[in-house]
Amino acid sequence: MKENKLEKIINLAERRGFVFKSYEVYGGLRGFYDFGHLGVILKNNIKNLWLKDILSMQNIYLIETPIIGPRILYEASGHIENFYDRLVECKSCHNRFREDHLLKGEYGEIKIKDNKALCPLCGGELTEARNFNLMFKTFVGPVEELSTESYLRPETAQGIFINFKNILNSMRAKLPFGIAQIGKSFRNEITPKNFIFRIREFEQMEIEFFVRPEEADKYFEFWVEKRFNWYINFLGIKKENLIKHIQTEEELAHYAKAAVDVYYKFPFGEDEIEGIANRTDYDLKRHMEYSKEDLTYFDEKTKNKIIPYVIEPSAGVERIFFAILCDSYDEDEMPNEKGKLEKRIVLRFKPWLAPIQVAIFPLLSNRENLVKKAKEVYELLKNDFRVYYDESGSIGRRYRRQDEIGTPYCITIDFQTLEDNTVTVRDRDTGNQERINLEEINDYLKDKFKL
Ligand code: GAP
């Protein structure tokens, strides 16, 4: 299973409507993906679990800022000057590569001639590497000139920094406190790849946590632990598939003093799903310099004005989504209705994370009394759980369809239900069935979906 696990997951995600390639009817656009019904629900579940965790801290405030920002914002943040990858182009086939990825052999085996790397695709000569800025440029309004030049944000963070004073004053915030934002970011990646891992439009969940400079190291450690454990406790990702990667000097972004990444062991290799960085006072200082606004904090303790340091946990929703799919994908065998073992695909999502939590089936679709009762059960549960009613095909097929999309429980309404008001609840992972009275079903399920 290992060799083609990646293709199997991608295939399942597309077939069952989690993810589709964008603009496919027009041949597609590399680095862009659409999310289907189940995908949107899963994404929202991820974001809600992130919010649930951080909002329980009481000192994190939310914000939502525009996707497009003026040139001066990104001059101040340093992105115009520093946010680039090194690009090389093949002089023969004109394919373009990220130099660091090329040298790591990610486009294929590197061929060397006269101490110079050659094109991994055609063996042609490569150009010298040049800087390629990853930001998408546009103009706001009808006039295209430097003063209207704007950029799609490459991170949600800058909208947060420039709102530091607004949140500080309106929320009467005291250090340490955080400002958090979920939203789209855009990067014109040279080579998008690995399905939804490296894409050009993606969602970030970012916190800028403002602290006293002398407490930055302490809070850096705090956030590394907190965020690492979130993947295990809130998403149910297996601990052995997660790694803490300490960034080397060369890996650090232009604004960071230290950073630890959370890596997931994807089928294509281990790679980053979140980064936790110590951004120091870099951003607030730069925005003070460029905007001439006072972004200092008056410290009641010392009666001094200070510029807080920032600890930033920054996670990508699509990468987490992908990690969850990889972590929960499984194949096993289950007895069918005749007791014969059959292969099945199953997504073992944690119950609270599953897009559909409970599927409800009448045993037979042509028995009016069973259908009527099943619809009553649907009505009974629809406000408390994400439920799905299905009456088509054999019960065995209906189970398999739900297994594939990770539905943890299936309820079947059969003839006994009509007599004693009990239903069978079938567990996705074990296939075991329990008979539960409908008067208790709500509490029974609530208990199963507890985080
Ligand atoms: N504000 C800090 C920042 O943006 P980053 O490490 O460049 O840091 C943070 O990005 C997270 O955003 C990454 O860990 C990843 O999950 C996600 N991300 C970055 N680039 C991405 C891309 N091209 N495709 C999908 N997700 C991406």
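**A tour of sheets, helices and a pocket**

Begin by selecting strand E5 (residues 84-89) together with E9, two antiparallel strands joined by four bridges; strands (E, at least two residues) and helices (H or I, at least four) are DSSP runs numbered from the N terminus, and two strands pair if DSSP finds at least two bridges between them. This is a predicted model, in which local features need pLDDT of at least 70 and side-chain atom pairs count only at pLDDT 80 or more, while totals for chains, interfaces and linings use all residues. Residues are numbered from 1 along each chain as its sequence is written, and side-chain values use heavy atoms, with hydrogens and water left out.

Within this pair, pick Asp85, whose bridge partner in E9 is Phe132. Adding E6 completes an open sheet of three strands in the order E6-E5-E9, paired antiparallel. Strand E6 (96-98) and strand E9 (130-133) are at the edges with a single partner strand each, so one side of each has no neighbour in the sheet.

Next, select the five strands of another open sheet, ordered E23-E22-E24-E25-E26 with mixed pairing. Its edge strands, each pairing on one side only, are strand E23 (387-389) and strand E26 (433-437). Strand E25 (residues 422-427) runs antiparallel to E26 and is joined to it by five bridges, and here Val423 stands opposite Ile436 in E26.

Now show helix H14 (residues 441-448), which lies across E22, E24, E25 and E26 and runs at about 135 degrees to E26; axes are lines fitted to C-alpha atoms, for helices over the stretch in contact, and angles run from 0 to 180 degrees between N-to-C directions.

Move on to helix H2 (residues 37-55) and helix H10 (residues 317-328), which pack at an angle of about 110 degrees with their axes 10 Å apart. The two helices, H2 and H10, are therefore roughly perpendicular to each other, a term that covers angles of 65 to 115 degrees. To see the contact (heavy atoms within 4.5 Å), select Gly39, Leu42, Lys43, Ile46 and Lys47 in H2, which meet Val317, Glu318, Ile320, Phe321 and Ile324 in H10.

Finish at the second largest pocket, an open set of points on a 1 Å grid over the protein atoms alone, where a 1.4 Å probe fits and protein lies on both sides within 12 Å along at least five of seven lines. Of its 17 lining residues, which have an atom within 4 Å of a point, Lys116, Ala117, Leu126, Thr127 and Glu128 are the closest to its centre. Helix H5 (99-103) and strand E8 (116-118) are the elements that give two or more residues to this lining.

Conventions. Parallel < 35°, antiparallel > 145°, perpendicular 65-115°, else oblique.
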